[in-house]
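Biologist: Hey, got a minute to go through a structure with me? Plain words, please.

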Amino acid sequence: MTGMTIAGLAREGGVGVETVRYYQRRGLLDEPDRPTGAGTGGGIRRYGSDDARRLRFIRSAQAAGFTLEQIGELLALDATDDRARARQLAGERIAELDAKIEELERVRASLRRLAHECGSGAEGPCPILTAFEG
């Protein structure tokens, strides 16, 4: 997996080329130097397996809900082996997820109640249709 072009790296990470470039501008991915001289592949940047691994980490961390800023911090922490801060960031994310889960459970219960009321056969408009009126 050495010597990938940016398109190959993007494909390996399941993203588009512009996403790779965006991560490079954000400092999350390195941008290799262009080779110079004859026989160097036309000055095309090449990426290796470490770049692909880093890109997959970024995508996985995003899927877990980390912001790009937090991902950048996690990547920097990896170089310093600061497990306490990494654990703290994970704990903060878990707390955010717990709050979101509670909110979603409240919304589900409310919608379930509205659906039950709508199916109760009572006269008038369905409560689901009237619940969201401003």
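Biologist: Which residues are buried in H5?
Modeller: Leu89, Arg93 and Leu114 are the buried ones there. Buried means under 20% relative accessible area, exposed means over 50%, and partly exposed is in between, using a 1.4 Å probe and protein chains only. H5 is a helix, and helices here are DSSP runs of H or I with at least four residues, numbered from the N terminus (strands are E runs of at least two).

Biologist: Is this from an experiment or a prediction?
Modeller: It's a predicted model, so local features need pLDDT of at least 70 and side-chain atom pairs count only at pLDDT 80 or more, while totals for chains, interfaces and linings use all residues. Residues are numbered from 1 along each chain as its sequence is written, and side-chain values use heavy atoms, with hydrogens and water left out.

Biologist: Cool. What do the buried residues of H5 pack against?
Modeller: H4 and helix H6, which is residues 127-131. Contact here means heavy atoms within 4.5 Å.

Biologist: And how far does H5 reach from its first C-alpha to its last?
Modeller: 51 Å, with 36 residues, and that is close to the 52 Å expected at 1.5 Å a residue. The expected span is 1.5 Å times one less than the number of residues.

Biologist: What about Arg112 in H5, buried or exposed?
Modeller: Arg112 counts as exposed, because its relative accessibility is 56%. Glu105 also lies in H5, and at 41% Glu105 counts as partly exposed.

Biologist: How far is Glu105 from Gly65?
Modeller: They're 19 Å apart in space, C-alpha to C-alpha, and 40 residues apart in sequence. For Arg112 and Glu18, 94 residues apart along the chain, the C-alpha atoms are separated by 42 Å.

Biologist: Let's switch to H4. What's buried in there?
Modeller: Leu68, Gln70, Ile71, Leu74, Leu75 and Leu77. What covers them includes H2, H3 and helix H5, residues 83-118.

Biologist: Wait, why does Gln70 count as buried?
Modeller: Because its relative accessibility is 14%. Leaving out residues up to four places away in sequence, Gln70 touches Gly65 and Leu89.

Biologist: And Leu77, what does it touch?
Modeller: Asp82, Arg85, Ala86 and Leu89, again not counting residues up to four places away in sequence. Leu77 is buried, with a relative accessible area of 11%. Thr130 is 53 residues from Leu77 in sequence, and their C-alpha atoms are 50 Å apart in space.

Biologist: Does the length of H4 work out? What span should its 13 residues have?
Modeller: They should span 18 Å at 1.5 Å a residue, and the end C-alpha atoms are 19 Å apart, which agrees.

Biologist: What follows H4?
Modeller: Asp81, with a positive phi near 60 degrees. That's a positive value in a residue other than glycine. Asp81 is in the loop between H4 and H5, and at 55% relative accessibility Asp81 counts as exposed.

Biologist: New topic: H2. Which residues are buried there?
Modeller: Val20, Tyr23 and Gln24, in a helix that runs over residues 17-25. They cover an arc of only 105 degrees around the axis, which puts them on the same side of H2. The arc is taken from the directions from the helix axis to the C-beta atoms.

Biologist: Why would residues line up on one side like that?
Modeller: An α-helix has 3.6 residues a turn, so residues three or four places apart point the same way.

Biologist: Nice. What does the face of H2 turned away from its buried side carry?
Modeller: The exposed residues Glu18 and Arg25. The buried ones pack against helix H1 (6-13), helix H3 (49-63) and helix H4 (68-80). After H2 comes Gly27, with a positive phi near 85 degrees.

Biologist: At what angle do the axes of H1 and H2 cross?
Modeller: At roughly 95 degrees, and the axes come within 8 Å. Axes are lines fitted to C-alpha atoms, for helices over the stretch in contact, and angles run from 0 to 180 degrees between N-to-C directions. H1 and H2 are therefore roughly perpendicular to each other. That label covers 65 to 115 degrees, while under 35 is roughly parallel, over 145 is roughly antiparallel and the rest is oblique.

Biologist: Which residues meet between H1 and H2?
Modeller: Ile6, Ala7, Leu9 and Ala10 in H1 meet Val17, Val20, Arg21 and Gln24 in H2. By class, that contact has six nonpolar residues, one polar and one charged. Nonpolar covers Ala, Val, Leu, Ile, Met, Phe, Trp, Tyr, Cys and Pro, charged covers Asp, Glu, Lys and Arg, and the others, Gly among them, count as polar.
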